[in-house]
Amino acid sequence: MKIQKLKELHSRGAALMRRGFERPLYTLGIQGYRGIVALAGKRNPKAAKLTRGQQEVWSILDAKIDPASRYIWIHAASLGEFEQGRPLIERLKEERPEYKILLTFFSPSGYEVRKNFPLADCVCYLPFDTPSNVRRFLDKVNPEMAVFVKYEIWRNYLEELHNHRIPTYLISAVFRPDQKFFRKSSAWYGKWLRWFSRIFVQDRRSAELLRKVGIEDAVVAGDTRFDRVSAIRSQGKEIPELERFRAPRDGKSPAMTFMVGSSWPADEDVYADWVKGHPEVRTVIAPHEFDDARLQALKERFGEKCVLMSEARKDPALLDTANVLIIDCFGLLSSAYAYCDMAYVGGAFGAGLHNINEAAVYDVPVIYGPNNTKFIEAREMAEAGGGYPIKGKKEFEKTADGMLSYPEQCKESGKRAGDYIRSKIGATDMIFCALFGEKS
């Protein structure tokens, strides 16, 4: 009975949308969400940060926005989208210094990490997408251009930007047939996409989907993350602790150095027994989160020959007997992959796969879990022979054993992963030149 009632409500809502109530209903939904976040903030730390950040937006803009300056506004939902927008920000700062950069986030996980990003002249949360907020925000910032990253589709902002004739772009976008933009029952969502001046997509399938709903100005530019990881490799940090950890002992080198990036407990259920069963392998684990309880659980799971990076920095001799090293600090993961022979990237036994490109750019074969269908690179890297999607523990162990037993094949797989990354570089250049009417 409850399910039937929900279906009826959804049907009524869809009918109202078709009859022209789309904007007020959308706005009502945003206002309701704002209230829910405020209520949740009394118990949930992340919601509390979002509520507090929303309250601080206007004072930040008042203090940092210079009315006499010209602004390009870049919006990223969270940290992952920021990494896709970052190459464009860097290019803008290098070649278009006459512009200032306003960087906004919606998620605390992005804002809290990058609120002091030095290349942005102002960093703040995106005010909730209500008409009054949108008008106040655009009147304050008056951007000459707006760039949204990947999935950020905010209805009222897009309409107002369009009405103000401010060029507005979506970059590194990916679309799938099951998304609301392409369903008959929610066709009004597709209208929102028409307010973009141009959409830069990662693949041809996305461009074809957009054309089916009447959006012709979609350009297949690729994913700016490939440019980002390439830049990271060229600027990679030396990590002396990893050099010492993987060094020969008693004249014998380790059979392999295995790197695990962005690991969650569900990932550890997949690879932990293999690690403990192969003491000849040196394993480096960078957990996605590392509060005290999480680190203690990891140390208990991997035993007495497990050491934290923070411990090793105080007493480097601990690295001479450890088989497992846990990175318990920010900022090292993207450089740490340079020290391994095989990588496992986490997240795909949970909400979704983390960044496999960070490992592959170092010519390293990458293993990852099944929840990867939203990530084009997961499919394409597997097709190229450098990526290894697995369904569970047994499949992981079979794959890892194969790489351990046949190091030359492991090395060849790594080269294929790296070649795949190199073949994808250039999205930032294409987007930048298109934004400013230049030839790439």
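**Two parallel sheets and the helices on them**

Four bridges join strand 4 (residues 145-149) to strand 5, and the two strands run parallel. The model described here is a predicted one. Within this pair, Val-147 of strand 4 has Tyr-169 of strand 5 opposite to it. Strand 5 covers residues 168-173 and is mostly covered, with six of its six residues buried.

How do strand 4 and strand 5 connect along the chain? Helix 6 (residues 155-163) belongs with them, and strand 4, helix 6 and strand 5 make a right-handed β-α-β unit. From strand 5 the chain crosses through helix 7 (residues 188-193) to strand 6, and this β-α-β crossover is right-handed.

Strand 5 also pairs with strand 6 (residues 198-201), in the parallel sense, over three bridges. Tyr-169, which stands opposite Val-147, also stands opposite Arg-198 in strand 6. Strand 6 in turn pairs with strand 7 in the parallel sense, again over three bridges. Here Phe-200 stands opposite Val-219 in strand 7.

These strands belong to an open sheet of seven strands, in the order 3-2-1-4-5-6-7, with parallel pairing. Its edge strands are strand 3 (122-125) and strand 7 (218-220), each of which pairs on one side only. From one strand to the next, the twist averages 20°. In a regular strand, side chains alternate between the two faces of the sheet.

Helices lie against this sheet. Helix 2 (residues 45-64) lies across strand 1 (70-76), strand 2 (99-105) and strand 3, and runs at about 145° to strand 3. Helix 3 (residues 79-95) packs on the sheet as well, where it touches strand 1, strand 2, strand 4 and strand 5. The direction of helix 3 makes about 175° with that of strand 2.

Helix 5 (residues 131-141) can be read by its buried residues, which are Pro-131, Asn-133, Val-134, Phe-137, Leu-138 and Val-141. Why do they lie on the same side of helix 5? They cover an arc of only 160° around the axis, and therefore share that side. Just after helix 5 comes Asn-142, which takes a positive phi of about 50°.

Further along the chain is another sheet. Seven strands form this open sheet in the order 10-11-9-8-12-13-14, and the pairing is parallel. Strand 10 (306-308) and strand 14 (387-389) are the edge strands, each pairing on one side only. The twist from one strand to the next averages 20°.

Inside this sheet, strand 8 (residues 256-263) and strand 9 (residues 281-287) pair in the parallel sense over seven bridges. Gly-261 stands opposite Ala-286 in strand 9. Helix 11 (residues 265-276) lies across strand 8, strand 9, strand 11 (324-326) and strand 12 (342-345). Relative to strand 8, helix 11 runs at about 165°. Helix 12 (residues 292-302) packs on the sheet too, touching strand 8, strand 9, strand 10 and strand 11. The direction of helix 12 makes about 155° with that of strand 10.

How values were computed. Residues are numbered from 1 along each chain as its sequence is written. This is a predicted model: local features need pLDDT of at least 70, side-chain atom pairs count only at pLDDT 80 or more; totals for chains, interfaces and linings use all residues. Side-chain values use heavy atoms; hydrogens and water are left out. Two strands pair if DSSP finds at least two bridges between them. Axes are lines fitted to C-alpha atoms, for helices over the stretch in contact, and angles run from 0 to 180 degrees between N-to-C directions. Contact means heavy atoms within 4.5 Å. Buried means under 20% relative accessible area, exposed over 50%, partly exposed in between (1.4 Å probe, protein chains only). A crossover is right-handed if, with the strands pointing away from the viewer, the path from the first strand over the helix to the second runs clockwise. The arc is that of the directions from the helix axis to the C-beta atoms.
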